[in-house]
Amino acid sequence: MARDRRRMLVVDGYNVLRSGSRYQRISQPDYTDDAFNRAREALINDVVHFAGREWRATVVFDGGGNAFSTGDPTSVGGVRVQFSPAGFSADKLIEKLAREGRENDFEVLVVTSDATIQDTVFGLGVDRMSAEGFCRDMARYYEEARLDDSPRVAPKTTVTGRIDADTLAKLRALRDGR
């Protein structure tokens, strides 16, 4: 029997928000707090759906320039959301998480369009996905979900259709007086 694979997903939050067409529409034309928060929430929601139960997921945002950022993660829908701590870049945190994942025998996927991060994690044996690739996967996911929710004609069920063949034969024999 095949061993269950342990999977880790690490998403470069701000890079995906700025590079992925899906999120640019939410925060454009300006990066006001409200628009950016909506885009951040949309990304986290998408990662929750993408990860499901198959991936241990973390969305990393850069908090290195914020003196009050502690780097403490929170959980949203089973996805870890983490701002890098003050003085520590999101890039370094993403690389650290990817390295730790590989060292602990996880299959690791990093979502970013940052070439430096992609090159660094590739050297660790980590898979990469671009921000736009992630956006396309999410669009496909939501389209499939929409199609799954389309109205269907309910099949007509009768008592005859729910009774096993032997019992039905006996009932017909009784009805016909045999």
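**Calling terms by their cut-offs**

Reader: Why does tyrosine 142 count as partly exposed?

Author: Its relative accessibility is 25%. Buried means under 20% relative accessible area, exposed over 50%, and partly exposed in between (1.4 Å probe, protein chains only), so tyrosine 142 is partly exposed. Tyrosine 141, at 34%, therefore counts as partly exposed too. A note on the basis: this is a predicted model, in which local features need pLDDT of at least 70, side-chain atom pairs count only at pLDDT 80 or more, and totals for chains, interfaces and linings use all residues. Residues are numbered from 1 along each chain as its sequence is written, and side-chain values use heavy atoms, with hydrogens and water left out.

Reader: The structure holds six aromatic pairs. What makes tyrosine 141 and tyrosine 142 an edge-to-face pair?

Author: Rings of Phe, Tyr and Trp (its six-membered ring) pair if their centres lie within 6.5 Å; planes under 30 degrees apart are stacked, over 60 edge-to-face, the rest tilted. Here the centres are 5.1 Å apart and the planes stand at 75°, so both conditions are met.

Reader: How do you know that helix H6 has close to its expected span?

Author: Helices are DSSP runs (H or I, at least four residues), numbered from the N terminus. The expected span is 1.5 Å times one less than the number of residues. H6, residues 131-148, has 18 residues and reaches 26 Å between its first and last C-alpha, close to the expected 26 Å.

Reader: And which residues of H6 are buried?

Author: Happily, a short list: Ala131, Gly133, Phe134, Cys135 and Met138.

Definitions and conventions. Helices (H or I, at least four residues) and strands (E, at least two) are DSSP runs, numbered from the N terminus.
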